[in-house]
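These are my notebook entries on one protein chain. I record below what I looked up, entry by entry.

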Amino acid sequence: MGMSEFYGATDEAESIATIHRALDLGVNFLDTADMYGSGANEELVGRALQGRRKGAVLATKFGNVRGPKGEFLGVKGTPEYVKSACDASLRRLGVETIDLYYQHRVDPNVPIEETVGAMAELVAAGKVRYLGLSEAGAATIRRAHAVHPISALQTEYSLWSRDPEADILPTVRELGITFVAYSPLGRGFLSGSFTSAADIPSDDYRRFSPRFQGENFQRNLDLVREVERLAKAKNCTPAQVALAWLLSRGDDIVPIPGTKRRAYLEENVGALKVALDAAELAEIEAIFPLGVASGERYPAQAMAGVNR
């Protein structure tokens, strides 16, 4: 996402080099969406995969509708829209089949059975291999899974966003659905990259994120200082501690840390070498209980669209 929008300046050459380096390192799961850069990110990923398609598991999403000027027009999950959105994504990506196709947000005005029914038709047509949902509530996941097997559920999950542990994780584990954890580094906050709100570029989405604003920023920074302390003791980086914790939660959890640069990609991959023992995990548990972060993870309007 950050390669095309929301997180400051972009650099296509470095972005493509980062994707190629990821594939070289064995990171083969690439996650995009039609709303990232209003389609530009799918086009970028498509260019990066030219000649390397067989080495990648490609996921994209539909449902968050953008206008011609990039404006947000709401969520749409009608069967007609599902099919047209998929065809548009296939064209932008330059592929014949999408490996994993997500509904990006649940449309409250369309029964999930209708949306997933249309997605299932895409599987039957050979345009999509597997189906996923993003930010869906437990009851919605069950209803969707009854129509067609849901292979993955993508929701925010990290040291400071542990909400899925209440009912989402138990539900997907009961149903055999993989959990894809987005923003596993708390939109970069858990990496220790920020010391004040002034560190955030003026054109960066995070300036509008509640957890990066006012008193919330300092309270959350105090938590990051604890991650930095743990990282120093482990001779690794704070980002690697945060990712190692997520990786310790189970083999069915797949973190997808987003980055625009090869250096951060390689740092993230280094988390695979960080092993947290029982005492360290218990210490992390005490520092980061459920609900510890200050502020909601999205502004109010966006929060209305999650966990539906």
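**Entry 1: His104.** I located His104 in the loop that runs between strand E5 (98-103) and helix H4 (112-124). The model is a predicted one, and I read every entry with that in mind. I then asked whether His104 is buried or exposed. The relative accessibility of His104 is 5%; the cut-off for burial is under 20%, so His104 counts as buried. Next I listed the contacts of His104, setting aside neighbours within four places in sequence. The list holds Ala33, Met35, Tyr36, Lys61, Phe62, Asn64 and Ser134.

**Entry 2: Ser134 and strand E7.** Ser134, one of the contacts of His104, led me to the strands. I looked up which residue of E7 is the bridge partner of Ser134. The partner is Gln154. Strand E6 covers residues 128-134 and pairs with E7 in the parallel sense, over 4 bridges. I also checked how many residues of E7 are buried. Strand E7 spans residues 150-156, and 6 of its 7 residues are buried, which leaves the strand mostly covered. As a general point, side chains in a regular strand alternate between the two faces of the sheet.

**Entry 3: Ala48.** I turned to helix H2, residues 40-48, in which Ala48 lies. Ala48 has a relative accessibility of 0% and therefore counts as buried. Leaving aside neighbours within four places in sequence, I found Ala48 in contact with Ile16, Ile19 and His20. For Ile19 I also noted the C-alpha separation from Ala48: 6.7 Å, although the two residues are 29 residues apart along the chain.

**Entry 4: the whole chain.** I counted the secondary structure of the protein chain as 11 helices and 9 strands. The radius of gyration is 19 Å, close to the 19 Å from the globule rule for 308 residues, so I note the chain as being as compact as a globular protein of that length. Along the principal axes, the C-alpha atoms fill a box of roughly 55 × 40 × 35 Å. Of the 308 residues, 53% are buried. Among contacts with a separation of 6 or more, 74% join residues 24 or more positions apart.

**Entry 5: surface and charge.** I recorded an exposed area of about 13,600 Å² for the protein chain, with 52% of it supplied by carbon and sulfur atoms. The side chains include 35 positive and 40 negative ones, and I noted that the centres of these two sets lie 2 Å apart.

How values were computed: Residues numbered from 1 in each chain as written. Predicted model: local features only at pLDDT ≥ 70, side-chain atom pairs only at ≥ 80, totals over all residues. Heavy atoms only, no water. Helix = DSSP H or I, 4+ residues; strand = E, 2+ residues; numbered from the N terminus. Rg over C-alpha atoms; globule rule 2.2 N^0.38 Å. Buried < 20%, exposed > 50% of the residue type's maximum accessible area, 1.4 Å probe, protein only. Contact = heavy atoms within 4.5 Å. Areas by Shrake-Rupley, 256 points an atom, 1.4 Å probe, with all protein chains shown as cover. Lys, Arg positive; Asp, Glu negative; His and termini not counted. Charge placed at Lys NZ, Arg CZ, Asp CG, Glu CD. Pairing = 2+ DSSP bridges.
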